[in-house]
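User: I should like to learn how to read the features of a protein model. Please take me through them in turn.

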Amino acid sequence: MTDISALSGAKAGTAAGAAPASSTSRSTSGTGTLDYSAFLKLLIAQMKNQDPTEPMDTAQYMGQLASFSQVEQSVSTNAKLDSLLTASSLQVADAAIGRTLTSADGTVSGRVASVRINADGVVATLADGREVALGAGVRIA
C-alpha cells in the first residue's frame, strides 16, 4: 500500500496549478508592493524625467537595476514553481487511476475510475461515482 502524500511530495490542500504565471505580474493594491511591469514603468519614467544637469547617482541607478533583476527572477521562479506543481499533480493522478483507494478515515474505498485536477487539488472519482480528495492519509494500493 502507498501513502498518497509520498506520491505527491506536497502537503494536502495545495492547489494544483495554483496561479498562472501571468497572475504573478499583477500588482496587489494596498500591500505597497510593485509587480514586474509597474517596476519597469517606474524606472523608465524616472530615467525620462531626471534633470540632465544632475543625473541620477550611479550607485542608486545600479541598485534599481539590481532590484529590477530580482523582480524578473521572482516572476520566472513563480512560473517554474507553478509548472512543477502541475507536473506533480499529473503524476499523482496517473499513479491513482485503476488502483484501489481508501480514504484517510477508512470509510470510503474503491477502484479509481478517473482523476480530476482543480484549484483545490486532485480529486479521484471511484468506479461507483463517489469522489475522494487525494490528500494526507489517503492510501492507494
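User: Is aspartate 128 buried or exposed?

Analyst: Buried means under 20% relative accessible area, exposed over 50%, and partly exposed in between (1.4 Å probe, protein chains only). Aspartate 128 has a relative accessible area of 51%, so it is exposed. This is a predicted model, in which local features need pLDDT of at least 70 and side-chain atom pairs count only at pLDDT 80 or more, while totals for chains, interfaces and linings use all residues. Residues are numbered from 1 along each chain as its sequence is written, and side-chain values use heavy atoms, with hydrogens and water left out.

User: With which residue does aspartate 128 form a salt bridge?

Analyst: A salt bridge is a side-chain nitrogen of Lys or Arg within 4 Å of a carboxyl oxygen of Asp or Glu. Aspartate 128 pairs in this way with arginine 130, at 2.8 Å from N to O. Arginine 130 is partly exposed, at 35% relative accessible area.

User: How many salt bridges are there by this rule?

Analyst: The count is 2. Another pair is glutamate 131 with arginine 116, whose closest N and O atoms are 2.9 Å apart. Because glutamate 131 lies in strand E5 (residues 131-133) and arginine 116 in strand E3 (residues 109-118), the pair ties together parts 15 residues apart in sequence. Both are partly exposed: glutamate 131 at 46% relative accessibility, arginine 116 at 37%.

User: How are helices and strands assigned, and what is the pattern along the chain?

Analyst: Helices (H or I, at least four residues) and strands (E, at least two) are DSSP runs, numbered from the N terminus. The chain has 3 helices and 6 strands, in the order β-α-α-α-β-β-β-β-β.

User: What span does H3 reach?

Analyst: The expected span of a helix is 1.5 Å times one less than its number of residues. H3, with 39 residues, reaches 57 Å from its first C-alpha to its last, close to the 57 Å expected. Its buried residues include Phe68, Leu85 and Val92. Glycine 98, with a positive phi near 85°, follows H3.

User: Which elements supply at least two residues each of the largest nonpolar core?

Analyst: A nonpolar core is a set of buried Ala, Val, Leu, Ile, Met, Phe, Trp, Tyr and Cys residues joined through side-chain atoms within 4.5 Å. The largest has 12 residues, among them Val92, Leu101, Val132 and Ile140. Helix H3 (58-96) and strand E4 (121-126) each supply at least two, and E4 gives the most, with 3. Contact means heavy atoms within 4.5 Å; beyond four places in sequence, valine 132 touches residues including Leu101, Val122 and Val138.
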